[in-house]
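Below is a short briefing on one protein structure. It covers two helices, the nonpolar cores and the pockets.

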Amino acid sequence: MNSLSEANTHFALDLFQQFKKSKKDNIFYSPLSITSALAMTYLGAQGNTALQMGKVLHFNDVTDNTRESPTTAQVEKLGNVHHQFQQLLTELKKPTDAYELSIANRLYGEKKFQFRQEYMDNVKKFYLASVESADFITAAEESRKKINSWVESQTNGKIKDLLPRDSLDFAILVLVNAVYFKGQWDKKFDKESTVEEKFWLNKDTSKSVQMMKQIGSFNFTEVQDMQAKILEIPYKGKDLSMMLMLPNEVDGLQKLEDKVSAEKLIEWTSSQNMREKEVDLHLPRFKVEESYNLKDVLMSMGMVDAFSTREANFLGIAESKDLVLTKVVHKSFVEVNEEGTEAAAATGVVVGTTSLPIYESFHCDHPFLFFIKHNKTNSILFMGRVSSP
């Protein structure tokens with residue numbers, strides 16, 4: 001499953017580079033949610049639309065099938081990406097008592113529209129998605145509320161109103177992915193040790209935060225050329241971990257962000273590179289909620305035809321030449337405290353028509369990056385930056 005997880009890691013970092021242009025202090029999103037929703041769309045894309053999507057999602061590297069545009073008969077051949085998604089989602093959905101992780105995919109199709117049965121079957125097969133019919137033409141508002149309430153129920157009430165008012169005008173097909181995670185740390189922080197401390201936003205400005213503390217054994221590495229260190233905090237069961245990337249300098253994050261690449265991230269966090277050390281860890285409690293409208297982001301990354309009424313080619317979804325992506329929205333939530341982490345995210349893709357010396361010290365008292373990953377599949381479920389907890 002490596003090649004898909006590598007593709008997803010590349011896409012995760014490409015997105016990060018786009019999001020940081022927004023000048024927001026904090027960033028938080030689920031690359032897995034976004035890529036799942038787009039991959040369901042990609043399953044029905046053809047021609048240049050498919051090539052562009054494959055390139056942006058780094059799927060072309062996985063399929064080695066860049067010369068041909070996928071036709072219906074080639075879905076099995078192209079199935080490489082979709083088969084790997086099926087394996088990944090099946091692995092992530094395995095029941096466990098250690099943590100809560102729910103990943104749900106669903107398609108809502110306009111009931112008056114004729115979708116290809118093969119597409120519907122493949123979406124169920126590869127993306128474990130349920131397909132619902134909706135009335136976007138005469139009851140768009142009710143359909144919007146229905147979809148939003150499904151997302152809310154799938155994310156334990158953390159993601160509300162994923163699709164904003166009037167976002168379903170002209171919609172024909174809405175693809176939604178929701179991810180919810182709640183995990184306890186393998187070793188919890190003692191609440192008694194949490195104290196108010198300074199978090200430095202930059203060299204001159206600080207704010208007071210609730211700083212959690214513990215000393216323990218953690219996987220740790222120093223990245224000399226980046227002047228940064230990386231620490232892994234496992235969740236109960238150790239299937240999932242939070243990776244923290246902390247620059248040595250208060251204002252060192254910019255340099256780290258500019259230089260981090262998918263290859264480097266995979267290399268730094270590999271088991272060969274991390275060593276177990278006694279660490280004095282300080283981590284602020286934090287909570288981040290974000291929402292992103294991804295249409296412009298994806299277009300600037302090169303996914304242009306999918307949103308163009310002239311060029312979009314989703315003939316794998318339906319025989320109509322009028323299908324076009326109209327909206328891709330993403331909402332996310334994360335809360336980190338002494339017990340553990342709660343995180344949720346949802347993505348909706350709307351397809352419409354043209355109408356100390358002894359201890360290593362790891363003090364997160366200045367801006368840092370973090371991601372939550374599934375260790376066995378090496379998949380980044382969530383990624384973010386905390387510049388102001």
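Which residue just after H3 takes a positive phi? His58 does, with a phi of about 65 degrees. The model is predicted, and the points below are grouped by topic.

**Helix H3**
- Helix H3 spans residues 47–56, and 7 of its 10 residues are buried, so the helix is largely enclosed by the rest of the structure.
- Gly47, Thr49, Ala50, Gln52, Met53, Gly54 and Val56 are the buried residues of H3.

**Helix H6**
- In helix H6 (residues 117–127), the buried residues are Tyr119, Met120, Asn122, Val123, Phe126 and Tyr127.
- These residues lie on the same side of H6, because they cover an arc of only 165 degrees around the axis.
- Leu128 follows H6 and has a positive phi, near 50 degrees.

**Nonpolar cores**
- In soluble globular proteins, nonpolar side chains tend to be buried together.
- The largest nonpolar core has 115 residues, and the members that touch the most others are Leu244, Leu281, Leu283 and Phe368.
- Helix H1 (residues 2–19) gives the most to this core, namely 8 residues.
- A second core, separate from the largest, has 22 residues, including Ala140, Ile147, Ile159 and Leu168.
- Leaving aside residues up to four places away in sequence, Phe368 touches Phe199, Leu244, Met245, Leu246, Pro247, Leu253, Leu283, Pro284, Phe286, Gly384, Arg385 and Val386.

**Largest pocket**
- The volume of the largest pocket is about 380 Å³.
- Its lining has 17 residues, and those nearest the centre of the pocket are Leu253, Gln254, Glu257, Arg385 and Ser387.
- Leu253 and Arg385 also appear among the residues that Phe368 touches.
- Helix H8 (residues 253–259) gives the most to the lining of the largest pocket, with 3 residues.
- Sorted by class, this lining has 8 charged, 5 polar and 4 nonpolar residues.

**Second largest pocket**
- The second largest pocket holds about 250 Å³ of space.
- Of the 14 residues that line the second largest pocket, Thr269, Ser270, Ser271, Lys373 and Asn378 lie nearest its centre.
- Helix H9 (262–268) and strand E14 (368–374) are the elements that give two or more residues to this lining.
- By class, the lining of the second largest pocket has 7 polar, 5 nonpolar and 2 charged residues.

Note on methods
Residues are numbered from 1 along each chain as its sequence is written. This is a predicted model: local features need pLDDT of at least 70, side-chain atom pairs count only at pLDDT 80 or more; totals for chains, interfaces and linings use all residues. Side-chain values use heavy atoms; hydrogens and water are left out. Buried means under 20% relative accessible area, exposed over 50%, partly exposed in between (1.4 Å probe, protein chains only). Helices (H or I, at least four residues) and strands (E, at least two) are DSSP runs, numbered from the N terminus. The arc is that of the directions from the helix axis to the C-beta atoms. A nonpolar core is a set of buried Ala, Val, Leu, Ile, Met, Phe, Trp, Tyr and Cys residues joined through side-chain atoms within 4.5 Å. Contact means heavy atoms within 4.5 Å. On a 1 Å grid over the protein atoms alone, a cavity is a set of points where a 1.4 Å probe fits but cannot get out, and a pocket is an open set with protein on both sides within 12 Å along at least five of seven lines; lining residues have an atom within 4 Å of a point. Grid points are joined across faces, edges and corners, and a volume is the space filled by probe spheres set on the points. Ala, Val, Leu, Ile, Met, Phe, Trp, Tyr, Cys and Pro count as nonpolar, Asp, Glu, Lys and Arg as charged, and the others, Gly among them, as polar.
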